[in-house]
Amino acid sequence: MANASGFFTPTMRISSSINLNRSGFRCPDVISKRIRCSSTSQGVESFSPPESRSPRLVSKGCKLVGCGSAVPHLQISNDDLAKIVDTNDEWISARTGIRNRRILTGNESMTGLAVEAAQKALEMAEVKPDDVDLILLCTSTPEDLFGGAPQIQKALGCKGNPLAFDITAACSGFVLGLVSASCYIRGGGFKNVLVIGADSLSRYVDWTDRGTCILFGDGAGAVLVQACDSEEDGLFGFDFHSDGDGNRHLNAGIKESTTNDALGTNGSALGFPPNHSSFSCIKMNGTEVFRFAVSVVPQTIEASLAKAGLNRSDIDWLLLHQANQRIIDGVATRLEVPKDRVISNLAKYGNTSAASIPLALDEAVRSGKVKQGQTIATAGFGAGLTWGSAILRWG
């Protein structure tokens, strides 16, 4: 029958038995190859959906099969920062664990870093750009107001024009992108999904504020998530949350340029046309963000483990958003994860927001630290406030 929008709503009869896999997704074990759709509207008797290269209603899992990363050439050390703000290497490293960060300069761009990271991930996965079905760019700093993912699709040379769009969830963005990719694979029949985390927060830093300028760097990381049989599924469980009330502790809001608010000579109303606006520099209450992170991150990881049916002892590696070494150490202590099972490259790159997790993962994989089949507990947390975690297997 026709619904309120005027479109016919078919009634679907599907023969299947359903169970739940470890990630909490419903997986049909047996699905009839024939799906019959009927409608009570006159003139519409039956409809047979065309076959696609990936059947939508099948039992599918997903796995991580390739990774890559890229950073700018310019390295700024703590000693370099000490020349422009009242600080020193000992003060910064003791409070944050950061010693260096990379900053975009000259002709470098965030999009360029994202493309380089994506190319490396595709190369490792042995997947051609034309075989990519979806590109998810996780970023809070796109170089176009309307998003940057389509430009990455263009630069990669994906001739099939796959869907590409941005996900904005600050430092939680990449983990959210991974779970989103799994949903498209499980529920949409996608085969290869490219998830990219990239940010250039240096453009939104007040370089006279030693409380924030010491923290952030630029970078990009990417992972290729690929469809597989349900028995090979590599995403075991996840958990996500947000708290808009905490926005006051970490934000970069819009600021309007000052103009004459008097009525225009053409008789325009007061306040019109609108003032030009831009985003302010990052503002952060470090103490509150620290308290927030060490409290919620262990909780969300425990929740993901419970959904996956796993215990802390099943974790091979703990990979957190690289925000502050004291946060990473605090969460590891609460979860009773030994230091030698914690992945951290914060000292080299600082806080690269959505790029930090895939950047650290790529280095750990390429160095041989993370091996195929190992289980990783990962979590992102930051502005919004947002936080979330996922339990996954590499390879």
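User: Happy to look at this one with you. How many helices and strands does the protein have?

Analyst: This predicted model has nine helices and 20 strands. Of its 395 residues, 48% count as buried.

User: Where is S69, and what makes S69 count as buried?

Analyst: S69 sits in strand β5, which covers residues 60-70. Its relative accessibility is 10%, and buried means under 20%, so S69 counts as buried.

User: Nice. Why is the pairing of the side chains of S69 and D362 called a polar contact?

Analyst: The two side chains come to 2.6 Å. The cut-off for a pair of N or O atoms is within 3.5 Å, so the pair qualifies as a polar contact. D362 is also one of the residues that S69 touches, leaving aside those up to four places away in sequence; A117, K120, A220, G221 and L359 are the others.

User: How do you know that C62 is not in a disulfide?

Analyst: Good one to check! The closest cysteine sulfur to that of C62 belongs to C228, at 6.3 Å. A disulfide needs the sulfur atoms within 2.5 Å, so this pair is too far for a bond. Searching the whole structure gives zero disulfides.

User: And why are C62 and C171 called buried?

Analyst: C62 has a relative accessible area of 2%, and C171 has 10%. Buried means under 20%, so both cysteines are buried.

User: Last one: what supplies the area that the protein exposes?

Analyst: The protein exposes about 19500 Å², with 51% of it from carbon and sulfur atoms.

Methods
Residues numbered from 1 in each chain as written. Predicted model: local features only at pLDDT ≥ 70, side-chain atom pairs only at ≥ 80, totals over all residues. Heavy atoms only, no water. Buried < 20%, exposed > 50% of the residue type's maximum accessible area, 1.4 Å probe, protein only. Helix = DSSP H or I, 4+ residues; strand = E, 2+ residues; numbered from the N terminus. Polar contact = N/O pair within 3.5 Å; in protein donor to acceptor, adjacent residues only side chain to side chain. Contact = heavy atoms within 4.5 Å. Areas by Shrake-Rupley, 256 points an atom, 1.4 Å probe, with all protein chains shown as cover.
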